[in-house]
Each structure stands twice: as structure tokens, then as C-alpha cells.
Amino acid sequence: MLADPSQKYPPFSPIALPDRQWPGRVLRSAPQWMSTDLRDGNQALIEPLDGEAKLRFFQLLVAIGFKEIEVAFPAASQTDFDFVRRLIDEGHIPDDVTIEVITQAREDLICRTFDALRGARRAIVHLYNATAPQWRETVFASDRAGVKALALAGTRLIRKLADADPATDWVFQYSPETFSATEPEFALEVCNAVIAAWEPTPERKMIVNLPATVEMSTPNHYVDQIEWMHRHLARRDSVVLSVHPHNDRGTAVAAAELALLAGAERVEGCLFGNGERTGNVDLVTLALNLYSQGVAPGLDFSDIDAVQRQVEDFNRLPVHPRHPYAGELVYTAFSGSHQDAIKKGLDARRPGAPWQVPYLPLDPADVGRSYDAVIRVNSQSGKGGISYLLQSEYGLQLPRRMQIEFSRLIQQHTDTSGREATADDLYALFCRHYLESRAPYRCHSFAQQRRDDGTTTLSLQLEQHGKNRSVHGQGGGPLEALLDALDLDARIGDYHEHALGSGADARAACYVELQLPGQPACYGAGIDRNITAAAIDALLSALNRSLEGEAGTLPAGHEELPPRTVPLIYSR
Ligand SMILES: CC(=O)SCCNC(=O)CCNC(=O)[C@H](O)C(C)(C)COP(=O)(O)OP(=O)(O)OC[C@H]1O[C@@H](n2cnc3c(N)ncnc32)[C@H](O)[C@@H]1OP(=O)(O)O
Ligand SMILES: CC(C)C(=O)C(=O)O
């Protein structure tokens, strides 16, 4: 790269528009959408769509809700010509949908375009020619007058052919291609000449489409150009002002949104931003940006995954995992503090209340995504995400201090593997560390008795260091009785239980925090249909883990047991 790029890349010269109106405005309604997936998108594909794929793509666009669809450049290829004919001849165009086709300003191409459209109920004929100095000189070897004459000749021929075929409701669209690189007063001169030649009326409007064929500047400058045109175009009430931003600088979405503030009424683009080079503006993002600001976009992305799968299949191009609203990872949080905040936000949701989940601008359910995908766990994750997944996928509600302990274990695991841990991985690790910690102590069977004085006696058949033993103990509840039976000088800190499932299949999940003398506290867990069995297993799991040296995973400041706030165990 150059140390000083200013000679090679002179900066864009913005238009002067000190009284611009667009910055203070707010978008309150959706624009007229035009999908050019089958034209601008298609011309940018490594393998352009065949007729069959075009038809299925067209049907997808109709199902999403597009009312204007640019279907082809019919004079460019037999495939495109035949596709337009097929749409018309086989009656694939719903009454409320208008097809659009593009043509250069060349007589033979325009005539062929009309051949393709014969018999259409309604059609937009889209004429384009580049107007910027570089194209005037290099492509057309011409000048301003020549380029304007080209546009006028094309317009007049289209008008003649349209007038000769009144059975079709013709709509005319003109695009000064390379508009954003064109001197504004020349772009205006050409557009106004074309408008005068077409003579649109408020009842029979024409479309003037102002493309950022190549994105030349920050969006504010493009939008100043749009507002200036909006103010100066002739017969403004007879013109639908349209924009067609490309994404060379990565700001096409911003350019389109601001252009709508500046007076544009229509946007042309492609799903997921397919199109020449860096793509056309992404209509999915534009629509869902509106939706997440409370504006109905008129396009339906309720099953965004299905739309994405089909578009990837048609275009043979992947949608980026971080693509706004659609990417595989966009409803996912890996980092601990985000997961914590999302979990709290999801827990606090009330039906009918405004969506207020931190870090998620859109409810994933509205686009057919599930909450399960919201949180994923890697080495950057904290207890919030881990416990969310364990709870949502397996119903396990770990107490807070145990969440901290378990998240340390998961972090060791993900640090070592360098990989994401799925909910299944988390559960497997939970089983391995807690539920399967069955040595040196394991309970085979027990009998419990509750006396009139409120004490519990417990008799157990235990396996201890590989040997079977019978032990007996008593206490205020089964856990105290178990400590007594084991003759253990240990303290029980936290105790937590909840049901897993319901009805006849319900099981109890118990979590016990135990501290052996001189050792850090440590959790154990047990799950059983019998609640006392689950509690005994949980205590023995904590004991085994302590004896196996698994204690000590609680971080600094958490080693000491807190004062107990719950009774050691239910008395039933
Ligand atoms: C920005 C956009 O996306 S615009 C749409 C662009 N899409 C496409 O080009 C895809 C389909 N195009 C094609 O298949 C071909 O270009 C065709 C069939 C339309 C024309 O093919 P060809 O006749 O071989 O011409 P080619 O594409 O090389 O075009 C160059 C000629 O067209 C002229 N031309 C280019 N654009 C236009 C225009 N809008 N109006 C009139 N003439 C034009 C050029 O000046 C050049 O003329 P020259 O040969 O006298 O120098
Ligand atoms: C012809 C126009 C609309 C175009 O595709 C572009 O400028 O990118």
C-alpha cells in the first residue's frame, strides 16, 4: 500500500447542500421494494441461474411479498428471454406482482426486449446508460451530449413500442447508471430530458432510479445527491424516485436508509446482498431494520432459515455466519457477560411487553430462530450461558455457587479443547463430574425412618473403597443422618432440589455443597425418582469429589461456605 494514497485516490467531491433536510427525519413506513435478484444478482453469479432455478427463485420472491421483481435482461441471453416468455405464457405472475426487465439503449436490444414481454399484463421496462465522465469517455467514446442523446433515443423508442402495444400496462424506468459518480447537474439534465420525453403523469408515473453503481463516498454524500435530485427533478409528482445502492464501501444499507429519508420512495436490491462485486444492498437487512424499529416492512421473513437455505442453493454462495439477522451466529452469545445479560433478559420477559433483551435487537422467534441457539459456550463463556443451556436443554437448575464451580470445569475443558461446548457436551461433563462420581463411596440401598421427635434415622448399605458396609445414623434430616452414619466431621453448605419432568416420570435433582475439614467446599449432585436417594447420591458425590481432589474449583472469594439459608433437607 502507498504511504500517501491521496494522489492515486483523490477524495470524492461532495455536493453542497447546507440546508439538507434528511438528517432530522425518521423512517416511519416501508418503501416500495424491488428485488433484482434475478437480474443484477444473477449477472454476478459464477454460474447464472437456469430457467428452472429462476422460476423457483421468482416463486420464493413472490412468497416473501415482493410486488416488483426484475426478472431478466431478456436481450442478453436466450435463457433470460425464454424465462420471461415462460413467466407470461405459463401464467406464473400473480395479479399484484409486476415483472421488470432491463435493456441497454440500443435499438436491437430494445426491440428484443419488447418481443420478450409481448402479452404481459403489466411490465416495467428498465432503460439504463452510464452517465459519469469516466464511462462517457472510456465506454462510449462520447461526451455529455452524446450520452444524453443515447438516453433520449432509447426512451423514445420504448415509448413508440409501448404505444403500439396498449394491451400491456407499461411502466417506464430510467437509470442513469453510475449516477453517484456523475456531475449532479448533468445527471439532472439527462433525467429531466428523459422525463420530458416520456411525459409521465401522477396517474401514470415513471420510475427514476439513481444507482450507486459503484459506491463512491460516505453515505451522507450520496444522500445529499439524492435529496438534491428529489428537489430538482421535473414533474416530481409523476416520478417514483428509486435508489439502487451497491456495497463497495460496505455502507449500502446506510445509504439506502438515508436515501429514503432524503426523498427516495423505492429501493432496489437483493436478498442477503448478492450482486456485482461486494453486492447490491441487502433487502433482508433493510426490511428487518425497519421491523426492529416497529415498522412493518411488507416482506415476510418469518422463516429466515428457509429463505437463506434456498437463496444459498440458488446462488451457490454462502451467507456469512455473522450476516445481520440471518447468519448462523447472530442470535448467539459466546462471551460470559453477554450470556448473563441475555439470560436475565429472557427470564424477565413478560407477554405483550416491548422486546427488551440485552444484546438482541430482534426476538429470534420472529424470524423462526429458536432461543436454544441464542447461547453457545466456548472458553470466553461464563456461568450464565452454561447454566442457561443446562436448564433449557436438560432442565437442570444449578444453584448459583455451583454454576460458578461448574463453569470453571467447563472453562478448563474448552481451554484445552479450543472448541465450542454444546449443550450435550455440557451435560456429559456434568454427568462425568457429578452424577458419575461414585467412588470411593456409593450407596446401594437405604431405609429411612422419621421419629415422632422429628429426627430421622438412616440405615444404608454402602460400598466404601470397594468394600460393602452397613452403616446407621441419625439427625435432623436424611443428610445429617448420613453424615452421622459416615462419622464425618463435614459441613453442608448449600442444599438445593427441584423436580425434573412431571407426572409419573418426575425425578428429583439434588445439589449439595460439602466442606471437609481443611478443604475447600465442593458440590455434588444426584438425580433419582426418590428424593432421599437423590439427596444421598448428591452428598456422596460431593464427598467423593472432595476426596478425589476435585474440590477447589470455586474461585477466590467463594472457598468459604456461606451461612446456610435453607434447611438441610425436607422432613417428610
Ligand atoms: C450496472 C449494471 O449492472 S448494467 C447491466 C449489465 N448487465 C449485463 O451486461 C449482463 C448482460 N449483458 C450482456 O450479455 C451483453 O453485454 C449484451 C448481450 C447486452 C450486449 O453484448 P455486446 O453487444 O457483445 O456488447 P458488450 O456487452 O460488449 O457491450 C459493449 C457495447 O455496448 C455499449 N453499451 C454499454 N452500455 C450501453 C447502454 N446502456 N446503452 C447503449 N449502449 C451501451 C458500449 O458502449 C459498447 O459499445 P461498442 O461495442 O460500440 O464499444
Ligand atoms: C443499471 C443499474 C440500475 C445497475 O444495475 C447499477 O447501476 O448497478
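## A hairpin of two strands

Two strands are said to pair if DSSP finds at least two bridges between them. The model described in this report is predicted. In this model, strands β12 and β13 form a hairpin, and 6 residues lie between the two strands. Within the turn, G501 has a positive phi of about 80°.

Strand β13 comprises residues 507–515. Strands β12 and β13 run antiparallel, and 8 bridges join them. Two particular positions may be located in the structure. L500 has R507, in β13, as its bridge partner. H498 stands opposite A509, which also belongs to β13.

## The sheet and its helix

The hairpin strands are part of an open sheet of 3 strands, with the order β12-β13-β14 and antiparallel pairing. Which strands form the edges of this sheet? The edge strands are β12, residues 491–500, and β14, residues 522–528, since each of them pairs on one side only. On average, neighbouring strands of the sheet are turned by 15° against each other, when direction is ignored.

A helix also packs on this sheet: α17, formed by residues 531–547. Helix α17 touches β12, β13 and β14. The direction of α17 makes about 150° with that of β14.

## The crossing of helices α7 and α8

Helix α7 covers residues 184–198, and helix α8 covers residues 219–232. Their axes come within 11 Å and cross at roughly 40°. Why is α7 described as oblique to α8? Angles under 35 degrees count as roughly parallel, and those from 65 to 115 as roughly perpendicular. The angle of roughly 40° belongs to neither group and is not over 145, so α7 is oblique to α8. The crossing of these two helices is right-handed.

The residues that meet at this crossing can be named. From α7 come P184, A187 and L188, and from α8 come Q225, W228, M229 and H232. Sorted by class, the contact has 5 nonpolar and 2 polar residues, with no charged residues.

## The surroundings of ligand 1

How many residues surround ligand 1? There are 14, and the closest are Q43, A76, Q104, A105 and N129. Two elements give two or more residues to this shell: α1, residues 37–43, and β4, residues 122–130.

The shell around ligand 1 may also be described by class. It holds 7 nonpolar, 4 polar and 3 charged residues. Charged residues are thus present around ligand 1, whereas the contact of α7 with α8 has none.

Methods: Residues numbered from 1 in each chain as written. Chains lettered and ligands numbered in written order. Predicted model: local features only at pLDDT ≥ 70, side-chain atom pairs only at ≥ 80, totals over all residues. Near = placed C-beta within 6 Å. Helix = DSSP H or I, 4+ residues; strand = E, 2+ residues; numbered from the N terminus. Nonpolar A, V, L, I, M, F, W, Y, C, P; charged D, E, K, R; others polar. Axes fitted to C-alpha atoms, helices over the stretch in contact; angles between N-to-C directions. Left-handed = near helix turned anticlockwise from the far one by under 90°. Contact = placed C-beta atoms within 7 Å.
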